[in-house]
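Me: I should like to understand how the descriptive terms used for a protein model are justified. Please take them one at a time.

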Amino acid sequence: MSNLSFNSHGVLAIYRFEMARFMRTIWQSLVAPVITTSLYFIVFGSAIGSRMSEVGGVPYGAFIVPGLIMMALFQESLFNGSFGIYFPKFTGTIYELLSAPISSFEAVLAYVGAAATKSVVLGLVILATASLFVPLHIAHPFLMTGYLVLIAVTFSLFGFILGVWANSFEQLNVVPMLIMTPLTFLGGAFYSIEMLPPAWRVVTLFNPVVYIIDCFRWSFFDMADVNVALSFGLTVGFFVACLIAVSIIFKTGWHLKN
Amino acid sequence: MSAIVSISNLTKTYASGLQALKSVNLEIMKGEIFALLGPNGAGKTTLISIICGIVTPTSGTVIADGHNIQGDYKAARMKIGLVPQELHTDAFETVIHTVTFSRGLFGRAPNPAHIEKVLRDLSLWEKRNDTIRTLSGGMKRRVMIAKALSHEPTILFLDEPTAGVDVELRRDMWAMVHTLRQSGVTIILTTHYIEEAEEMADRIGVISKGELIVVEEKTALMKKLGKKELTLTLQDALTEVPAALAEWKLELKADGHELHYTFDANADSGTVPALLKRLGELGIGFKDLNTSQSSLEEIFVSLVHGGKAGGAGK
Ligand SMILES: Nc1ncnc2c1ncn2[C@@H]1O[C@H](COP(=O)(O)OP(=O)(O)OP(=O)(O)O)[C@@H](O)[C@H]1O
Ligand SMILES: [Mg+2]
């Protein structure tokens with residue numbers, strides 16, 4: 001086998017291995033997020049929604065669905081992407097990956113592919129759960145699915161980088177807890193930025209999550225607070241930045257090899 | 001025999017600035033069992049880790065089965081199996097799952113028959129559906145060996161395979177290594193048990209402070225560096241070594257009941273008969289005499305401490 005030939009058995013082995021762990025813990029993996037989402041519907045959809053009925057012509061219960069899916073997707077992708085590579089580092093089993101005839105591209109493909117698959121499944125399950133609570137009409141179903149996959153892949157990749165970087169479980173949680181959670185809450189998951197005072201609206205525009213949620217919401221309701229092309233461009237930009245970071249990590253062996 | 005692993009001018013300086021390997025040159029022959037000996041921190045694991053791709057060399061090249069381990073790493077690594085020094089296992093996986101995973105990871109198509117053979121050879125077949133965390137330490141080590149053999153490597157590295165392993169399992173492993181060698185696998189192992197190297201190796205390399213100080217056929221090494229000791233059990237105890245025996249530098253032991261003479265088996269061939277003759281002249285009778293050859297361990301200690309081939313047998 002020359003270095004040019006693709007180690008498909010290796011990629012499949014990692015992918016299956018990661019998916020097997022998902023299947024073993026499928027109960028925790030899916031039930032917890034579904035319960036959380038349902039609670040959001042009860043608290044925000046029913047309690048608050050009964051007072052604010054509509055946002056830009058969309059019933060409030062439906063309006064929060066894209067944001068809820070994105071919230072879950074960020075968390076799951078970051079968790080799965082980082083855990084898949086952090087855990088072998090933590091237990092020492094990474095020696096096997098490092099000594100295997102597998103290229104960095106193949107390894108990333110397998111790990112990130114598995115992490116993103118799990119996130120997409122979860123996103124679709126939440127979408128299905130949401131449709132039990134509110135009637136949903138999706139304006140651009142294909143673009144919606146495509147964007148869901150793009151976000152799952154991008155944040156799994158971002159998670160992978162965090163997993164390589166982290167030297168402890170605390171560090172593993174820093175970015176998801178201290179950065180992603182606040183950005184998501186302030187990212188327009190539960191409100192339209194049109195509803196904010198003008199000054200706050202400007203501040204909000206520095207939050208990248210705003211663009212992601214807005215873009216995803218556009219695929220549902222065909223309405224957006226910011227320019228959809230701009231939002232999409234920023235997403236792709238972040239994706240490319242993560243790709244470059246990963247390739248640098250593997251070239252230099254950063255945090256993986258001595 | 002031709003070289004299957006060629007290491008040239010290999011050096012490694014860790015980020016900490018510590019130089020773990022200083023220009024190592026070594027050829028491992030196809031089909032041999034090569035034992036790498038050396039004290040803690042000598043650089044054994046570093047050397048193995050570089051060949052297997054876990055550690056990046058600072059300079060130098062390694063060719064494994066005709067493939068450069070850096071330029072042509074996929075082809076090289078497919079031929080290599082590694083059982084690392086530390087026990088690292090996926091605690092929550094089953095035995096068969098983790099071994100099957102390893103085969104795929106190393107680019108091989110599934111082959112349940114081979115996996116079954118490996119597990120049977122290592123007495124793991126009955127435990128194939130157990131999760132690894134429920135196995136004993138010795139069993140876990142077998143699982144790691146099974147993983148390393150899953151992709152049918154032609155070069156196998158065993159980094160202290162028998163550390164913390166009971167006598168029975170150690171014997172099993174020695175037998176397994178011999179069987180593997182018969183099937184054409186080249187084996188490089190490190191160990192702190194000299195008897196293990198003595199039992200298994202064809203050739204021995206001694207590494208100390210990042211330098212290979214000796215590479216020899218085991219038998220040649222023992223012959224070359226072997227010290228012999230002659231013990232004479234006396235009929236009547238002596239209080240001191242008679243001055244007439246000074247040239248042999250004898251030691252008096254066992255309350256004056258034993259005379260010990262340490263000599264080089266090769267260089268000092270005529271000295272024993274001369275000693276016995278002198279004893280007869282002096283009228284010193286002995287009941288028994290016995291010679292013993294120094295073990296590899298003693299050779300090894302004398303090599304590492306100062307490099308001189310001296311040092312009495314004990
Ligand atoms: N990751 C690392 N970073 C810095 N120094 C290291 C690293 N790994 C090993 N060393 C150092 O390199 C030297 C060689 O270590 P190595 O593990 O190769 O020794 P060894 O011969 O395998 O020892 P042992 O018999 O204890 O297993 C030691 O001084 C060790 O402290
Ligand atoms: Mg070691």
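The exchange below sets values against their definitions.

Reply: This is a predicted model, in which local features need pLDDT of at least 70, side-chain atom pairs count only at pLDDT 80 or more, and totals for chains, interfaces and linings use all residues. Residues are numbered from 1 along each chain as its sequence is written, chains are lettered from A and ligands numbered from 1 in the order in which they are written, and side-chain values use heavy atoms, without hydrogens and water.

Me: What makes B:Thr45 and B:Gln85 protein donors of the magnesium ion (ligand 2)?

Reply: Donors are N, O and S atoms within 2.8 Å of the metal (3.2 Å for Na, K and Ca). B:Thr45 (OG1) and B:Gln85 (OE1) lie 1.9 to 2.1 Å from the ion, and therefore count as donors. B:Thr45 belongs to helix α1 (residues 44-52) of chain B, and B:Gln85 to the loop between β6 (80-83) and α3 (95-105), 40 residues apart. Helices (H or I, at least four residues) and strands (E, at least two) are DSSP runs, numbered from the N terminus. Water is not among the atoms, so the site may look incomplete.

Me: Why is B:Thr45 called partly exposed?

Reply: Buried means under 20% relative accessible area, exposed over 50%, and partly exposed in between (1.4 Å probe, protein chains only). B:Thr45 has 29% relative accessibility, so the term partly exposed applies. B:Gln85, at 27%, is likewise partly exposed.

Me: What share of the 258 residues in chain A is buried?

Reply: Buried residues make up 52% of chain A.

Me: How many helices and strands does chain A have?

Reply: Chain A has 11 helices and 2 strands.
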